[in-house]
Amino acid sequence: MDFKFNAKEQAFYEELDEFLTSELPADWGNKPVRWPHDYAESPMKSEEDYEVAKSFIKKVVDKGWFTISWPKEYGGQGYTNIEQAIYDERMSYHRAPGGSSGSIAAGIVGPMLLRIGTLEQQKQWIPKIANAEMTMWLGYSEPNAGSDLGAVRTSAVEDGDHYVLNGQKCWSSGAHKADYSWMIVRTDPEARKHQGVSFFIVDNKAPGITMKPVYNILGDHSFNEVFMDDVRIPKENLIGGKNKGFYHLMKALDFERITLVGIGGFKRMFEELLDYVKSHDRNGEPMAKIPSVRAKLAEIATKIEVGYLLLWRTAEMLDRDQDPNVESSALKVVSTELARDMAEVAMEILGPYGQLTEESEWSPIRAMVSRGFLESISATIGAGTSEIQRNIIAQRGLGLPRV
Amino acid sequence: MNLDFNTEQKILSASAKDFLTKNCASHVVREARESAEVYPAALWKSMADMGWMGIAISERYGGTEGSVQDLTVLIEAMGAACVPVPFFTTVVVCGTALQLSSADKLKEKLLPAIAAGELVSSYALIEPGNTYGLNNIQTTAAAVEGGYTLSGTKLFVEYAQGADYFLTVANVEGAGLAVFMVDAKSSGISLKSMPTLDYSKQCELILDHVSVSNDYLLAIGDEAQSLLNAVEQVSAVAKCAEILGAIQLVLDISVTYAKDRTQFNQPIGGFQSIQHHCANMAVDVDSSRYLTGMAAWKVSQGLTATKEVSMAKSFASKVGVRICKLGHQIHGAISFCDEHDMHLFLRKSQAASMAFGDPEYHAEKVAQELGL
């Protein structure tokens with residue numbers, strides 16, 4: 001085994017790190033409030049921050065890094081998956097806005113279009129995605145189709161040059177701020193459930209779409225219920241062939257699990273916690289001297305290292321055209337459970353101070369721990385629950401029977 | 001980056017597994033535990049014929065000068081077979097100590113014999129009431145003309161009755177710790193059996209005014225500290241590899257069993273509870289594999305590896321036993337029986353988890369490395 005970056009990777013790592021350090025405002029790291037990193041877009045507190053984020057993303061796009069692992073002819077850099085992983089790691093470590101790791105369009109839909117889209121579809125969508133000119137949300141879950149995604153009922157019926165959509169999506173993160181969705185829809189009600197669904201790109205502005213906000217555990221408007229009422233979608237927006245949706249879904253989910261890890265965010269959050277422990281007393285003695293605190297932090301540091309190693313392993317397998325079934329699911333399980341574990345440990349270490357919200361002047365570490373305690377609940381549920389990941393590892397990875 | 005074995009290591013791993021399947025099936029492990037022989041000499045001899053004892057010894061001493069990574073490839077294969085021979089004590093612990101020391105005359109004498117499989121040695125580091133580290137060494141080495149006189153008691157000395165030499169540590173007044181190789185035939189040495197869970201035939205070693213000549217001193221003072229730290233590092237990585245071999249095998253036999261065993265008219269591997277046990281085992285095995293690989297790589301490259309080694313050892317030590325217990329759970333009642341192999345791995349994993357630092361010991365080292 002050899003864990004060293006090659007010269008090109010090392011150079012990219014350093015160039016990117018330097019870029020992030022110089023292009024982001026010095027206090028930017030104290031702004032994002034997601035635990036431990038931004039899944040999509042961090043809620044921002046001021047117009048000024050939005051402007052900083054927007055112009056930063058433009059610079060990333062101009063560098064060609066927004067779509068670095070895409071082929072050159074599609075506006076990418078043709079970089080390897082290891083380099084993509086380096087990009088995701090550094091971006092999340094610096095809590096940078098709008099990395100492809102925070103972008104459904106560039107992280108999931110773009111790569112899917114490159115795999116299964118027609119030439120016309122690629123021409124239509126790829127430049128806009130590559131230039132960060134459109135944002136997307138994932139239209140997967142429905143009230144009765146969560147882990148059992150094959151049970152989606154939203155239907156699309158052919159009518160001339162169009163499909164007519166009717167139904168409802170839920171847990172639609174960021175749908176209210178996005179331009180389009182990547183939606184899985186039933187196109188053949190007679191077929192067996194996994195054989196009658198297809199992918200569509202759906203314009204949020206299409207008549208017949210209405211949204212209702214759903215406020216999450218933190219009180220943030222992150223989710224939506226989205227209703228489709230006779231929504232007409234051009235036929236060319238069906239991606240990857242009619243009724244072939246489930247064949248492609250597994251790949252789309254793999255992209256989601258790999259690109260959205262944000263492992264650098266774990267490291268950054270851990271460093272913040274570590275700094276706090278090193279510089280504060282508890283009950284009259286330095287926190288860093290308390291044996292249970294030392295043991296707990298050592299365990300979290302080890303789990304973060306595991307997350308890193310599984311990320312490199314997954315990326316390396318993709319570069320070799322191997323299918324990282326077990327590895328990408330293991331990465332998802334390990335990293336999301338780590339999000340909870342790290343919040344739990346931080347709460348235990350901080351004791352009663354951990355529960356303080358940001359309104360209190362007594363709250364340590366920007367009140368991130370009380371937020372993280374709540375926010376990390378979603379990690380092991382979204383993008384395939386931990387239980388679904390374990391099914392995948394057992395069935396696809398270890399070959400145990402599907403009964 | 002390449003997180004697989006290289007080509008030579010793949011060949012080494014395959015040939016080691018093949019050899020051990022043929023020569024060290026579980027009945028060999030059971031026969032060894034019953035035998036009056038300290039370890040199966042025939043198995044030791046054929047391992048030596050394969051060139052295994054010299055894998056990490058430099059060419060000038062008759063070895064093949066492989067890296068610590070190469071060594072872990074072999075150890076991993078041995079972990080999957082619970083090999084009942086003093087390879088770890090001789091090759092890993094004593095071989096590393098000698099190799100890293102500057103006792104040239106002693107190296108000339110002992111390393112070629114180790115590489116040839118003609119010399120067996122063990123280590124005697126833990127003292128009554130102590131566990132790990134070098135903070136409370138009570139054994140004394142009194143300086144005398146031409147050498148030292150050692151007195152003290154050491155515990156947990158594996159395969160002691162079959163050893164020709166013991167690597168040990170003692171306090172020299174005014175000079176600090178000193179590391180010696182002590183000839184097992186020296187007068188004043190006595191052994192008392194202290195059987196443990198994993199059949200490794202451990203002994204209490206009493207040193208009663210044992211004379212050791214200067215030629216058998218490996219290091220003294222700060223050098224002794226750093227030599228033993230380096231030995232601990234390589235030994236801890238090797239124990240990680242041993243655990244890895246054992247738990248990968250436990251995962252494999254558990255998955256196979258879950259596919260075969262039928263209850264309620266279906267293979268039990270179709271039940272989600274069993275699938276999730278297996279998935280958890282697989283995730284922990286993989287995590288341990290890359291942590292161990294990272295540690296072995298850093299040590300092999302001569303990079304600072306304190307944090308990585310301790311992360312790997314604390315993690316492997318914890319998940320090793322956990323995985324074995326899940327293996328027992330999946331196999332059910334038969335795994336509680338002596339005739340089944342599961343308990344061999346449980347014993348091996350528990351013993352390895354406590355050798356050269358348990359999870360708490362290594363977690364504390366990680367904490368120190370984090371600047372706490």
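This report describes one helix of chain B and the contact between chains A and B in a predicted model.

In this predicted model, local features need pLDDT of at least 70 and side-chain atom pairs count only at pLDDT 80 or more, while totals for chains, interfaces and linings use all residues. Residues are numbered from 1 along each chain as its sequence is written, and chains are lettered from A in the order in which they are written.

The pLDDT, the predictor's confidence in each residue from 0 to 100, averages 97 for chain B, with 100% of the residues at 70 or above. For the complex, the predictor gives an ipTM of 0.95 and a pTM of 0.96.

Helices here are DSSP runs (H or I, at least four residues), numbered from the N terminus. Helix α5 of chain B covers residues 87–100. Its expected span (1.5 Å times one less than its number of residues) is 20 Å, and its end C-alpha atoms are 18 Å apart, which agrees. α5(B) bends by about 30° at B:Cys94, the bend being the angle between axes fitted to the seven residues ending there and the seven starting there.

A residue is buried if 20 or more other C-beta atoms, placed from the backbone, lie within 10 Å of its own. Because 12 of the 14 residues of α5(B) are buried, this helix is largely enclosed by the rest of the structure. Among the buried residues are B:Phe87, B:Cys94 and B:Leu98.

Between the chains, 37 residues of chain A are in contact (C-beta atoms, placed from the backbone, within 7 Å) with 37 residues of chain B. These helices of chain A each supply at least two residues of the side that touches chain B:

| Helix of chain A | Residues |
|---|---|
| α7(A) | residues 263–278 |
| α8(A) | residues 291–319 |
| α9(A) | residues 325–350 |
| α11(A) | residues 386–397 |

The largest share of that side, 14 residues, comes from α8(A).

Key: Contact = placed C-beta atoms within 7 Å.
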